[in-house]
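Biologist: Can you walk me through this one? I'd like to start with the charged side chains.

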Amino acid sequence: MSEVLIAGKAVQVNEEGYLTDMEQWDEAVACEIAEELNIVLGPKHMEVIHYLRQQCQTGKTLNIRRIGKSGVVDIKSFYKLFPGGPLKNASKIAGIPKPASCI
Amino acid sequence: MENVAVRTAPEVKKKEKHPVEKVLIICARGTLEDVYAALVMANGALMEGMEAKLFFTFFGLEAIRKGHSDQLHTATVGNPAFMPKVPTMLAGLPGFEALASHMMKREMDKLDIPPVSEFFEIIEASGGEVYACKLAADMFHLEKEDFIPEVKDIITVGDMYALAEGPSTQIVFI
């Protein structure tokens, strides 16, 4: 775990760059993490990110199937919004832990 | 001045990482657990940002046949890891296999593992591709319309290898 400066804010991240405290997150932090992943965040991205954070807060495990059924985003669009590993990347941007799900 | 050979530390060669970029998963079996293994691996690859292609052949075709996808069973006879204390004779009683398969599916549902047909929908929506083997389809007298809509094409073994094109592809056989 180390402290890094993201969007002018000191935040704790793990060795893979995931925030270890989701309370240290804000939208500016999200934009900068997304930029590193070559993703420019739009309103739809934000909607998905806030949904993921809310799910994480209620202690639910995230997986592709559940996201597809959430009504927030369908699977195809989810892959388009966060290319190159959607659940992984979206979680990183959302400031929540890397999903430990096999499905 | 004494000529001393200066020993420099041997250059440590940095290991270059070559992550897998694509998987081609061949499924030749039609039992519940084998089909799920193929689906979970394909979906897992897509979730990691890799490409995934699925090729079904022989009894694996059962997984992609219309109306058959969600009827797959797990073998209770000839499967020593399945309920080791149950005698084989008992495991062969009518209905036993159906019951065991039903129970397995129920446990899977608890873990949010989708039914086979839905898993194919997810894989297709995620950019994965599903193919059927031409030779096996001919053998079982199956045409394109006999398969679920996610099946992109019926292809030859040569076409299958073409799908694996690229330096960072892994082929997995189930």
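Biologist: Which residues are linked in a network of salt bridges?
Modeller: This is a predicted model, to begin with. The network links A:Arg65, A:Arg66 and A:Lys69 with B:Asp112 and B:Glu118.

Biologist: How far apart are the closest N and O atoms of B:Glu118 and A:Arg65?
Modeller: They are 2.9 Å apart, in a salt bridge. A:Arg65 also meets B:Asp112 in a salt bridge, at 3.1 Å from N to O. That second pair crosses between chains. A:Arg65 sits in helix H3 of chain A, and B:Asp112 in the loop between helix H3 (96-110) and H4 of chain B.

Biologist: Are A:Arg65 and B:Asp112 buried or exposed?
Modeller: Both are buried.

Biologist: And how many salt bridges between chain B and chain A?
Modeller: Five. Six residue pairs are in polar contact between the two chains, counting pairs with both residues at pLDDT 80 or more. On the chain B side, H1 and H4 each supply at least two of the residues that touch chain A. That side divides into 10 nonpolar, three polar and four charged residues.

Biologist: How much area do chain B and chain A bury between them?
Modeller: About 1300 Å², with 56% of it on carbon and sulfur atoms. In chain B, the residues losing the most area to chain A are B:Met47, B:Asp112 and B:Ala125. Together they make up 44% of what that side buries.

Biologist: How many residues does the contact take from each chain?
Modeller: Chain B gives 17 residues and chain A gives 16.

Biologist: Let's look at H4 of chain B. Which of its residues are buried?
Modeller: H4(B) covers residues 116-125. Its buried residues are B:Val116, B:Glu118, B:Phe119, B:Phe120, B:Ile122 and B:Ile123. So B:Glu118, which bridges to A:Arg65, falls under the 20% cut-off for relative accessible area.

Biologist: What do those buried residues pack against?
Modeller: Parts of both chains. From chain A, there are helix H3 (64-68) and helix H4 (75-81). From chain B, there are helix H1 (32-47), strand S2 (51-56) and strand S3 (129-133). H4(B) is followed by B:Gly127, which has a positive phi near 100 degrees.

Biologist: What about H1 of chain B? How far does it reach?
Modeller: H1(B) has 16 residues and reaches 22 Å from its first C-alpha to its last. That is close to the 22 Å expected at 1.5 Å a residue. Its buried residues include B:Leu32, B:Val35, B:Tyr36, B:Leu39, B:Leu46 and B:Met47. B:Asp34 and B:Asn43 are also among them. Just after H1(B), B:Gly49 has a positive phi of about 90 degrees.

Biologist: Back to charges. How many salt bridges over all chains?
Modeller: 15. One of these is A:Glu16 with A:Lys98, their closest N and O atoms 2.9 Å apart. The pair links distant parts of the chain, 82 residues apart. A:Glu16 is in the loop between strand S2 (9-13) and helix H1 (27-36), and A:Lys98 is in the segment after helix H5 (86-94).

Biologist: Where do A:Glu16 and A:Lys98 stand on exposure?
Modeller: A:Glu16 is partly exposed, at 39% relative accessible area. A:Lys98 is partly exposed too, at 34%.

Biologist: What about B:Lys110 and B:Glu107?
Modeller: Their side chains meet in a salt bridge, 2.9 Å from N to O. Both lie in helix H3 of chain B, three residues apart, about one turn of the helix. B:Lys110 is exposed, with 60% relative accessible area. B:Glu107 is partly exposed, at 41%.

Biologist: New topic: A:Asn89. What does its side chain do?
Modeller: A polar atom of the A:Asn89 side chain lies 3.0 Å from the backbone oxygen of A:Pro83. A:Asn89 is in helix H5 of chain A. Its relative accessible area is 8%, so A:Asn89 is buried. Beyond four places in sequence, A:Asn89 touches A:Leu37, A:Phe82, A:Pro83 and A:Gly84.

Biologist: Last one. Where is A:Val29?
Modeller: In helix H1 of chain A. A:Val29 is buried, because its relative accessibility is 0%. Outside its neighbours within four places in sequence, A:Val29 is in contact with A:Ile6, A:Ala7, A:Lys9, A:Leu19 and A:Gln24. The C-alpha atoms of A:Val29 and A:Ala94 are separated by 8.9 Å, with the two residues 65 apart along the chain.

Notes
Residues are numbered from 1 along each chain as its sequence is written. Chains are lettered from A and ligands numbered from 1 in the order in which they are written. This is a predicted model: local features need pLDDT of at least 70, side-chain atom pairs count only at pLDDT 80 or more; totals for chains, interfaces and linings use all residues. Side-chain values use heavy atoms; hydrogens and water are left out. Buried means under 20% relative accessible area, exposed over 50%, partly exposed in between (1.4 Å probe, protein chains only). Helices (H or I, at least four residues) and strands (E, at least two) are DSSP runs, numbered from the N terminus. Contact means heavy atoms within 4.5 Å. The expected span of a helix is 1.5 Å times one less than its number of residues. Buried area is the accessible area (1.4 Å probe) that two parts lose on being put together, summed over both. A salt bridge is a side-chain nitrogen of Lys or Arg within 4 Å of a carboxyl oxygen of Asp or Glu. A polar contact is a pair of N or O atoms within 3.5 Å; within protein, one must be able to donate a hydrogen and the other to accept it, and residues adjacent in sequence count only if both atoms are side-chain atoms. Ala, Val, Leu, Ile, Met, Phe, Trp, Tyr, Cys and Pro count as nonpolar, Asp, Glu, Lys and Arg as charged, and the others, Gly among them, as polar.
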